[in-house]
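Subject: Structure handover

Hello,

Here is the structure for you to look over. My notes on what was found in it follow below.

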Amino acid sequence: MSPPSRRLQTKPVITCLKTFLISYSLIFWVTGVILLAVGVWGKVSLEAYFSLDADESTTNAPYVLIGTGATIVIFGLFGCFATCRGSPWMLKLYAMFLTLVFLAELIAGVSGFVFRHEIKAKLDTAYNRAVKSYNGTDSSSSAVDAIQMTLHCCGVTEYTDWNTTDYFKEKGLPTSCCIDTSNCQPDILKDLDKAKAEVYNRGCFSLMTGVMEANLGIIAGISFGIAFFQLIGIFLSCCLSRYITNNQYEMV
């Protein structure tokens, strides 16, 4: 059995670590809520862009953030409970979870950075395909309309890109290209020269990739910040578990 003086020295350390870890777990819980909100925001704000691409690895990206955020919220509460209980095995489980989430977020962030040009190329292909197959009724057509109205653009590189589509041959330019829809009569939309003054001349792809990169940059920055923040929790959980275990042995 260890001297009482040593046990008295250990208890304040455990109390201090518990305080820090509970505070961390509460902050970690808040970061989970933030990640959940970012996932929902990404899903809503980038819905038009994701709906252009049928690739599930791209369109499911916001759901990954939402799922990760929800899991962090649950385990943030578990971390508070484990700390209050002072259970070494629960603290180790909490540290293991933090490690797994840290690695997952790090791999996802690095993969997104490495393959960003491939994502851009996929978006180019998907948007060209959506413009060529535009019919004004399906989901990809709605996405094209939403992008053109939101970004004030028309076509892929310029408004004349619509000239080669079946939709243009039948109905002319989509009304989503119009600066003011009240000035876009059917005969104007079918004539590119007349339409030039009434529609957005700039193409959508350069604007679209700019918006995508800006929004994905925000999401990646928040994700990386949360990932490295978890290292603090791993350190605190392991230290507290070790001190509690040692204190239990000292009392025997």
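Cys16 sits in helix 1. Please keep in mind throughout that this is a predicted model. At 40% relative accessibility, Cys16 counts as partly exposed. Its C-alpha lies 9.3 Å from that of Leu240, although Cys16 and Leu240 are 224 residues apart in sequence.

Overall fold

The chain holds 11 helices and 0 strands. Along the sequence the pattern therefore reads as α-α-α-α-α-α-α-α-α-α-α, where each helix is a DSSP run of at least four residues. Of its 252 residues, 41% count as buried. Among contacts in the chain with a separation of 6 or more, 73% are between residues 24 or more positions apart. The chain exposes about 13400 Å², and carbon and sulfur atoms supply 66% of that area.

Disulfides

How many disulfides does a search of the whole structure find? There are 3. As a reminder, a disulfide is a covalent bond between the sulfur atoms of two cysteines.

One of them is formed by Cys153 and Cys204, with the sulfur atoms 2.0 Å apart. The link of Cys153 and Cys204 has 100 degrees about the S-S bond and is right-handed. Cys153 belongs to the loop between helix 7 and helix 8, while Cys204 belongs to the loop between helix 10 and helix 11, so this pair ties together parts that are 51 residues apart in sequence. Both Cys153 and Cys204 are buried.

Another disulfide joins Cys154 to Cys177, with an S to S distance of 2.1 Å. The torsion about the S-S bond of Cys154 and Cys177 is about 80 degrees, so this disulfide is right-handed. The pair links distant parts of the chain, 23 residues apart: Cys154 is in the loop between helix 7 and helix 8, and Cys177 is in the loop between helix 8 and helix 9. Cys154 has a relative accessible area of 0%, so it is buried. Cys177 also has a relative accessible area of 0% and is buried.

There is also a disulfide that joins Cys178 to Cys184, S to S 2.2 Å. For Cys178 and Cys184, the value about the S-S bond is -130 degrees, and the link is left-handed. Cys178 and Cys184 are both buried.

If the bonded cysteines of the chain are numbered in sequence order, the pairing is 1-6, 2-3, 4-5.

What about Cys84, and which cysteine sulfur is closest to its own? The closest one is in Cys80, 6.6 Å away, which is too far for a bond because a disulfide needs the two sulfur atoms within 2.5 Å. Is Cys84 buried or exposed? Cys84 has a relative accessible area of 55%, so it is exposed.

Nonpolar cores

In soluble globular proteins, nonpolar side chains tend to be buried together. In this chain, the largest nonpolar core has 29 residues, and those with the most contacts inside it are Tyr127, Ile147, Trp162, Leu173, Val199 and Met208. The elements that give two or more residues to this core are helix 6 (116-132), helix 7 (139-151), helix 8 (166-171), helix 9 (186-189), helix 10 (192-195) and helix 11 (205-250). Helix 6 supplies the largest share of this core, 4 residues. Another core, of 21 residues, lies apart from it and has Ile14, Tyr24, Met90 and Leu236 among its members.

Surface patch

Not every nonpolar side chain is inside a core: Trp29, Val30, Val33, Ile34 and Leu77 make a nonpolar surface patch of about 410 Å². Which helix gives the most to the nonpolar patch? Helix 1 (residues 4-45) does, with 4 residues. Leu77 has its place in helix 4 (residues 61-85).

Where to look

When you open the model, the cysteines are a convenient place to begin. Check the pairs Cys153 and Cys204, Cys154 and Cys177, and Cys178 and Cys184, then turn to Cys84, whose sulfur is too far from that of Cys80 for a bond. After that, the core with 29 residues and the patch that includes Trp29 and Leu77 can be looked at in turn.

Regards

Note on methods: Residues are numbered from 1 along each chain as its sequence is written. This is a predicted model: local features need pLDDT of at least 70, side-chain atom pairs count only at pLDDT 80 or more; totals for chains, interfaces and linings use all residues. Side-chain values use heavy atoms; hydrogens and water are left out. Patches are made of residues with over 30% relative accessible area and no salt bridge: like charges are joined within 9 Å, nonpolar side chains (Val, Leu, Ile, Met, Phe, Trp, Tyr) within 5 Å. Accessible areas come from the Shrake-Rupley method with a 1.4 Å probe; for residues, only the protein chains shown count as cover. A salt bridge is a side-chain nitrogen of Lys or Arg within 4 Å of a carboxyl oxygen of Asp or Glu. Buried means under 20% relative accessible area, exposed over 50%, partly exposed in between (1.4 Å probe, protein chains only). Contact means heavy atoms within 4.5 Å. A nonpolar core is a set of buried Ala, Val, Leu, Ile, Met, Phe, Trp, Tyr and Cys residues joined through side-chain atoms within 4.5 Å.
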